[in-house]
Amino acid sequence: MFDEKVKLVILLGAPGAGKGTQAERIAAKYNLKHLSTGDLLRAEIENSTELGKSAQAYMNVGKLVPDDVILKMVETYFSRHADCGILLDGFPRTIAQAEGLARFTVGRNILTLSIDVEADAVIERLSSRRSCKVCKKIYNLALPTYPPDERCECGGELYQRDDDKPETIRNRLAVYDAQTMPLIEFYRNQGFLHRIPGSGSPDDVWTKVQGAIG
Ligand code: ADP
Ligand code: ZN
């Protein structure tokens with residue numbers, strides 16, 4: 001069933017649920033373009049664009065960037081990749097975004113995965129998360145695999161995101177509960193939602209993800 005039409009995989013889950021890690025693997029195995037709205041926004045900030053400057057104020061306190069800004073950014077991406085399978089990571093995050101998305105994905109074969117984890121686990125994971133400045137790969141300070149020289153395998157420097165500080169993390173989780181959780185119901189009603197427990201190791205979760213995609 002998940003074959004003929006141009007694919008769209010929507011990955012839902014709280015901040016720190018492990019979306020980014022699974023997203024990389026899904027995109028590689030199923031040959032999908034990986035669209036992370038968080039990464040797009042951070043690139044805008046790094047390039048000091050107008051969009052970046054206005055987005056940064058929201059991101060630093062853990063609030064969502066306004067829907068119209070995000071939708072415009074995503075629509076541009078879809079129009080450039082009309083014939084490609086796409087994996088969405090960090091979008092949609094509100095019902096308004098999901099409704100906007102539906103307008104430019106007509107005819108695509110959609111599959112939604114939600115990676116579910118407990119709030120306590122999320123706070124711990126995010127506080128010890130480090131990201132590569134160059135390739136965006138994610139590492140965890142608390143794992144034995146963390147590189148002692150704080151360098152990514154690509155050579156890039158590892159750093160802690162500004163919004164991975166405890167106060168901001170709490171805000172992001174509250175925003176997730178209030179604004180993004182309702183999407184689980186939204187996609188369940190459309191009949192293509194798979195829920196995946198995200199509590200195991202990245203490899204355990206990856207096995208379940210592949211089982212769900214089929
Ligand atoms: P995480 O999922 O770990 O919170 P992201 O990189 O997806 O990390 O997002 C970081 C921040 O970027 C969010 O807290 C929010 O401010 C902003 N952002 C990313 N995607 C969206 C979106 N779809 N809608 C609104 N804001 C977004
Ligand atoms: Zn890297």
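Student: What is the volume of the second largest pocket?
Tutor: This is a predicted model, where local features need pLDDT of at least 70, side-chain atom pairs need 80 or more, and totals for chains, interfaces and linings use all residues. Residues are numbered from 1 along each chain as written, chains are lettered from A and ligands numbered from 1 in written order, and side-chain values use heavy atoms, without hydrogens and water. A pocket here is an open set of points on a 1 Å grid over the protein atoms alone, where a 1.4 Å probe fits, with protein on both sides within 12 Å along at least five of seven lines. For the second largest pocket, the space filled by probe spheres set on its points comes to about 300 Å³.

Student: Which residues lie nearest the centre of the second largest pocket?
Tutor: Start with its lining, meaning residues with an atom within 4 Å of a point. There are 13 of them, and nearest the centre are Arg 42, Ile 45, Tyr 159, Arg 161 and Asp 162.

Student: Which residues come nearest to ligand 1?
Tutor: Let's count a residue as near if one of its heavy atoms lies within 4 Å. That gives 19 residues around ligand 1, and those coming nearest are Thr 37, Arg 42, Lys 63, Gln 97 and Arg 172.

Student: How far is a polar side-chain atom of Gln 97 from a nitrogen atom of ligand 1?
Tutor: A polar contact pairs N or O atoms within 3.5 Å. Arg 93 places a polar side-chain atom 3.0 Å from an oxygen of ligand 1, while a backbone N or O of Val 65 sits 3.0 Å from a nitrogen of the ligand. For the Gln 97 side chain and a ligand nitrogen, the distance is 2.8 Å.

Note on methods. Polar contact = N/O pair within 3.5 Å; in protein donor to acceptor, adjacent residues only side chain to side chain.
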